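Please open the structure in your viewer and keep the selection tool at hand. The tour below moves from stop to stop, saying at each one what to select and what is found there.

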Amino acid sequence: MENRIVVIEGCDCSGKTTLIKDLKSDIKARNKDLKVLAISMPYRNRFGYAKIRDVLGGKTAFPPDIVQSLFLANMIETVDKDINPFLDEGPNDHIVLLDRFIISTILYNAMQGGSIFESIQTYMHKLALAGVKDVSMDPKLVDLDIISKVYGHLARSVDFTFFLMPPLPVVLKRAEEKAQQTGEANDSAAMVQRMYSAYKAFYSFITGQLYRSVVDFLDNPKGILRPHMGDVDRYVALESWNEQTSEEDNHKAYREAILAKLGL
């Protein structure tokens, strides 16, 4: 199969880390010749990780756009030094599994009142004025794929983005348990519920079900993202849930949906 970049997006406690770990095993079981790289963003081996963890844990605080810069710098270095070299090792047998990527980076910054949309709009408008093709002249419209390339230095586009959205009560129960263990501010029930709603709204927007500002549910919207409407099948919601079975069985069903999309 062709090389693939697969992103799993979702709020804290949606089960992304466990799903990716098990998905990596599933892929190897289906095809032992495939090489799989699983990375959680921000990546612990790259720029600014320790400081990002301090911010998330409430040990230190910076303005939202400073935190945004830490996330973006970590992402850029991870792509340049880990993801692209891995994909360049050989043709058609490499899969990258990412626990969060550019969508989470955008949403979390917007949640904190950051101005990433304004900076993106300004940058994209300058590119258009400089004659760069396929860049909107309208600074109020920003293409999600181009954002990925600008801020992630992606030589390759993400092939599939899966939004992991089990029922909210399931997520909140996990959040309560995790917050008791870690004490991290981002694990609070209020924050998790707000981000859960943000991801669901974003998925509705990106798939064309709802044309709206991605952050119009916030106090100060910063801009509008415009998806490639012809690429809607690259975005998949994992949200069906059978209450008669276990969490493990439901997550297995999610993994089967991903494997089917990858042709495995």
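Begin by selecting helix H1 (residues 16-30) together with helix H9 (residues 247-262), whose axes in this predicted model come within 10 Å and cross at roughly 50 degrees. With angles under 35 degrees counted as roughly parallel and 65 to 115 as roughly perpendicular, H1 and H9 are therefore oblique to each other. H1 passes H9 in a right-handed crossing. To see what makes the contact, show the side chains of Leu19, Asp22, Leu23, Asp26, Ile27 and Arg30 on H1, and those of His251, Tyr254, Arg255, Glu256, Ile258, Leu259 and Leu262 on H9. Sorted by class, the contact of H1 with H9 comprises seven nonpolar, one polar and five charged residues.

Stay with this selection and add Lys21, because a network of salt bridges links Lys21, Asp22, Asp26 and Arg255 by the criterion of a side-chain nitrogen of Lys or Arg within 4 Å of a carboxyl oxygen of Asp or Glu. Asp22, Asp26 and Arg255 are also among the residues that make the contact between H1 and H9.

The next stops are further salt bridges, of which the structure holds 12 in total. Select Asp159 and Arg4, whose side chains meet in a salt bridge with an N to O distance of 3.5 Å. This pair links distant parts of the chain, since Asp159 is in the loop between helix H6 (144-152) and strand S5 (160-164), while Arg4 is in strand S1 (residues 4-9), 155 residues apart.

Now select Asp12 and Arg100, where the side chains form a salt bridge at 2.5 Å, N to O. Asp12 lies in the loop between S1 and H1 and Arg100 in the loop between strand S3 (94-99) and helix H4 (102-111), so this salt bridge ties together parts that are 88 residues apart in sequence. Are these two residues, Asp12 and Arg100, buried or exposed? Both Asp12 and Arg100 are buried; for Arg100 the relative accessibility is 15%.

Before leaving Arg100, look at its backbone, where phi is near 80 degrees, a positive value in a residue other than glycine. Then move to Cys13, which likewise is not a glycine and has a positive phi, of about 70 degrees. Cys13 is placed in the loop between S1 and H1, and with a relative accessibility of 12% it counts as buried.

For another salt bridge, return to H9 and select Glu247 along with Arg174, whose side chains meet at 2.8 Å, N to O. Arg174 lies in helix H7 (residues 168-182) and Glu247 in helix H9, so the pair ties together parts that are 73 residues apart in sequence. How do Arg174 and Glu247 compare in burial? Arg174, at 15% relative accessibility, counts as buried, whereas Glu247, at 34%, counts as partly exposed.

Next, select helix H3 (residues 64-87) and H4, whose axes come within 10 Å and cross at roughly 170 degrees. Because angles over 145 degrees count as roughly antiparallel, H3 is roughly antiparallel to H4. The residues to display here are Pro64, Asp65, Gln68, Phe71, Leu72 and Met75 of H3, with Ile102, Thr105 and Asn109 of H4. By class, the contact of H3 with H4 has five nonpolar, three polar and one charged residues.

Moving to a strand, select Ala237, which lies in S7 (residues 235-238). The C-alpha atom of Ala237 is separated by 6.4 Å from that of Leu164, although the two residues are 73 apart along the chain. Leaving aside residues up to four places away in sequence, Ala237 touches Phe163, Met165 and Tyr203.

One more backbone feature is worth a selection: the peptide bond from Met41 to Pro42, which is cis, with omega near 0 degrees. Pro42 lies in the loop between strand S2 (35-40) and helix H2 (49-56).

Finally, show the whole chain, whose secondary structure comes to nine helices and seven strands. Buried residues make up 50% of the 264 residues in the protein. Of the contacts with a separation of 6 or more, 75% are between residues 24 or more positions apart.

Terms used. Residues are numbered from 1 along each chain as its sequence is written. Side-chain values use heavy atoms; hydrogens and water are left out. Axes are lines fitted to C-alpha atoms, for helices over the stretch in contact, and angles run from 0 to 180 degrees between N-to-C directions. Helices (H or I, at least four residues) and strands (E, at least two) are DSSP runs, numbered from the N terminus. A crossing is left-handed if the near helix is turned anticlockwise from the far one by less than a right angle, and right-handed if clockwise. Contact means heavy atoms within 4.5 Å. Ala, Val, Leu, Ile, Met, Phe, Trp, Tyr, Cys and Pro count as nonpolar, Asp, Glu, Lys and Arg as charged, and the others, Gly among them, as polar. Buried means under 20% relative accessible area, exposed over 50%, partly exposed in between (1.4 Å probe, protein chains only).
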